[in-house]
Amino acid sequence: MMTSEENNLLCRVGGNAPMGQLMRRHWTPVCLIEEVAEADGTPVRARVLGEELVVFRDTEGRVGVLDEKCPHRGPSLVYGRNEEGGLRCLYHGWKMDVAGNVLEMVSEPAASGFAEKVKHKAYPVKEWGGFVWAWFGPADAVPEFVPPPWAPTANTRVSIAKVHLPCNYAQILEGAIDSAHSSSLHSSDMVPARVSGAEATGQIWLRPSTDKAPRMQVQRDGYGFRYAAIRRPINNAATHDYIRSTVFVAPYTVLIPPNNLYNVANVNVPMDDTNTAFYFIGWGHPSQTPETETWRKFLHQTMGVDLDEHYRPLRNEENNFWQNRQAMKAGNFTGITGFPNQDVAMWLTMGPIADRTKDRLGASDMAVVEFRKQMVEAVRDFQAGKSAIGTGDQAIPKNVCSFQGVVPKTTDWREYETTYVWADGMDRSEFESSYNVKA
């Protein structure tokens, strides 16, 4: 159970909120590259950590992330003209480039020199792994961009489903690190089977266990923590365990145990205190990782079918998330199609910010408890002047990954040799030199 003060420390990210300031010490995803793929294309509105932003790609292909409001008198630049190397406000024709320089002030006398005296707020930008990233921390302390664990090289296939959800980031993230719920909530989509490990088909994921009450073990580190959910396997239960090891990468990323074809992660970027950009990611070798549209269709997260044009789910509380009670009577556990939609129903019905003072936690909630404790401690350490969790020499090492498998009971999962999922027989040489992975 948490106190109200601790819950606020964990959840509040806007303005000067300590958690938001901590998060600003990390490079942050702003939007998908595909949203601003076209040079001189339509500008995109984004909101990150309470900041109202406009994102655009200029004539030369450079991406800009700017304060949405024009520095002149504050109208939105989302409606501006994207042309000839900059974004022009419709109100008086002021034009800003991707670095925030004011290129033209057509409403001012040319001899005034006013343009040279004004600088619009712009953020350092990096394109990588399907995302436009920005640095929202101190302008005089911009760190080198380091590829995230789920996009280690430029040619890794990264397929992303994006959803805007009207709830706080923490209850989404807690769902991702809660291995126990998958045996109930997702039991019709992650089906027990006599397989040697988790396997993916075009319709469902198979898992080698019927055990709904895993034993939990946690190992904390400077970047976050790893934990294992240990279940009884269907085969060789007397001598083996089925282990699913998840990695929490502070402040808002989870490396989810993979299947036999590709790796899985999610990133939960706070738009503000009560809205989150939820990104569900499949990544790995191009030969066996689903392409983006296939991935979104599998997850039931396709724009125009499952989401509106702003990435908001068409399933919601008003329509009961399209729950099919007849399908439930026929054997489907939830009656909700697409396992992320099953999660969404749980997250949204907790309210905009879950009241953790009322929780009654058990043994299966060990990872959730660790997340809350670690992040509240991290915020307080940050307030006391320490570095933000997961930065500098506390960043996640390249030898850490999530994994799953049936292993002998004598195995210590903390020392178990494993690697990210890659295509059998395919060359790993360009990865192994810099990404030699151990569990």
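Let's start with an open sheet of three strands, whose order is 12-14-13 and whose pairing is mixed. Its edge strands are strand 12, residues 190–192, and strand 13, residues 199–200, and each of these pairs on one side only. Keep in mind as you look around that this is a predicted model. Strands of a sheet pair through backbone hydrogen bonds, in either a parallel or an antiparallel sense. Here, strand 12 and strand 14, which covers residues 205–207, pair in the parallel sense over three bridges. If you would like a spot to click on, find P192, which stands opposite R207 in strand 14.

Now move to another sheet. Four strands make up this open sheet in the order 5-6-7-8, and their pairing is antiparallel. Strand 5 (81–83) and strand 8 (102–104) stand at the edges with a single partner strand each, so one side of each has no neighbour in the sheet. Strand 8 runs antiparallel to strand 7 (residues 95–96), and two bridges join them. One residue pair to look for is K95 with its bridge partner in strand 8, E104.

Next comes a helix. How many of the eight residues of helix 3 are buried? Eight of the eight are, so helix 3, residues 169–176, is largely enclosed by the rest of the structure. The buried residues include Y169, Q171 and E174 alongside I172 and L173. At the N-terminal end, helix 3 is capped by N168, with a side-chain oxygen 2.9 Å from the backbone nitrogen of A170. A170 itself is among the buried residues of the helix.

Another asparagine is worth a visit too. N319 is found in the loop between helix 4 (292–299) and helix 5 (325–329). With a relative accessible area of 29%, N319 is partly exposed. What does its side chain contact? A polar atom of the N319 side chain lies 2.9 Å from the backbone oxygen of L314. The backbone nitrogen of N316 also has a polar atom of the N319 side chain 2.9 Å away.

Finally, let's turn to the cysteines. A disulfide is a covalent bond between the sulfur atoms of two cysteines. With a cut-off of 2.5 Å between the sulfur atoms, the count comes to zero disulfides. C11 is in no disulfide, and the nearest cysteine sulfur, that of C167, is 10 Å away. Why is C167 not bonded to C11? Its sulfur is 10 Å from the one in C11, the closest cysteine sulfur, and that is too far for a bond. C11 counts as buried, at 0% relative accessibility, and C167 counts as buried at 0% as well.

Note on methods:
Residues numbered from 1 in each chain as written. Predicted model: local features only at pLDDT ≥ 70, side-chain atom pairs only at ≥ 80, totals over all residues. Heavy atoms only, no water. Pairing = 2+ DSSP bridges. Buried < 20%, exposed > 50% of the residue type's maximum accessible area, 1.4 Å probe, protein only. Polar contact = N/O pair within 3.5 Å; in protein donor to acceptor, adjacent residues only side chain to side chain.
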